[in-house]
Amino acid sequence: MEPKLRHGTFAVFRRSSRVRRGDIVLVRHPEFGWIVKEVGAIAKNGRVALNGMSRMSTGASRHSSVSRDEVFGKIIGRIPLLRRR
């Protein structure tokens with residue numbers, strides 16, 4: 001999910017059905033389970049298009065779009081992982 005979320009970052013999500021383009025969301029995907037993606041667009045029929053946030057992400061053609069009911073919430077905070085020296 002880098003560069004938007006660095007590996008090991010603890011993310012805090014708030015349950016919300018109000019999402020907009022660019023929000024980072026937690027989704028209960030019917031095929032992939034719990035995933036974190038960026039909202040690419042919201043269609044008039046209520047479907048939410050998801051974008052990956054890294055070059056290693058599953059392509060949009062694989063996860064396509066989900067219904068708003070499958071969007072759990074959006075990110076409200078992040079705590080970076082503290083690394084030991």
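1. Val 27 lies in strand E2. This is a predicted model, and the points below should be read with that in mind. The residue is a useful place to start, as several of the later points return to it.

2. How much of Val 27 is accessible? Its relative accessible area is 0%. Buried means under 20% relative accessible area, so Val 27 counts as buried.

3. Which residues does Val 27 touch, once those up to four places away in sequence are set aside? The contacts are Gly 33, Trp 34, Ile 35, Leu 50, Val 66, Glu 70, Val 71 and Phe 72. For one of these, Leu 50, the separation from Val 27 is 23 residues in sequence, and the C-alpha to C-alpha distance is 9.4 Å.

4. Val 27 also belongs to the largest nonpolar core, which has nine residues in all. The other members are Val 19, Val 25, Ile 35, Val 39, Val 48, Leu 50, Val 66 and Val 71. At least two residues of this core come from each of E2, strand E3 (33–42) and strand E4 (48–51). A second core, separate from this one, has six residues, including Leu 5, Ile 24, Leu 26 and Ile 75. As background, nonpolar side chains tend to be buried together in soluble globular proteins.

5. Val 48 is another member of the largest core. Leaving out neighbours within four places in sequence, Val 48 is in contact with Val 39, Val 66 and Val 71, among others. The list of contacts for Val 48 also includes Ala 41, Ser 64, Ser 65 and Arg 68.

6. Where is the salt bridge? The count comes to one, and the side chains of Asp 23 and Lys 74 form it, with an N to O distance of 3.8 Å. The pair links distant parts of the chain, 51 residues apart. Asp 23 sits in the loop between strand E1 (10–15) and strand E2 (24–29), while Lys 74 is in strand E6 (residues 71–79).

7. Are the two partners of the salt bridge buried or exposed? Asp 23 has 12% relative accessibility and so counts as buried. Lys 74, at 26%, counts as partly exposed.

8. Not every nonpolar side chain is in a core: Phe 10, Val 12, Ile 76 and Ile 79 make a nonpolar surface patch of about 370 Å². E1 and E6 are the elements that give two or more residues to the patch. One of the patch residues, Ile 76, is placed in strand E6.

Terms used: Residues are numbered from 1 along each chain as its sequence is written. This is a predicted model: local features need pLDDT of at least 70, side-chain atom pairs count only at pLDDT 80 or more; totals for chains, interfaces and linings use all residues. Side-chain values use heavy atoms; hydrogens and water are left out. A salt bridge is a side-chain nitrogen of Lys or Arg within 4 Å of a carboxyl oxygen of Asp or Glu. Helices (H or I, at least four residues) and strands (E, at least two) are DSSP runs, numbered from the N terminus. Buried means under 20% relative accessible area, exposed over 50%, partly exposed in between (1.4 Å probe, protein chains only). Patches are made of residues with over 30% relative accessible area and no salt bridge: like charges are joined within 9 Å, nonpolar side chains (Val, Leu, Ile, Met, Phe, Trp, Tyr) within 5 Å. Accessible areas come from the Shrake-Rupley method with a 1.4 Å probe; for residues, only the protein chains shown count as cover. Contact means heavy atoms within 4.5 Å. A nonpolar core is a set of buried Ala, Val, Leu, Ile, Met, Phe, Trp, Tyr and Cys residues joined through side-chain atoms within 4.5 Å.
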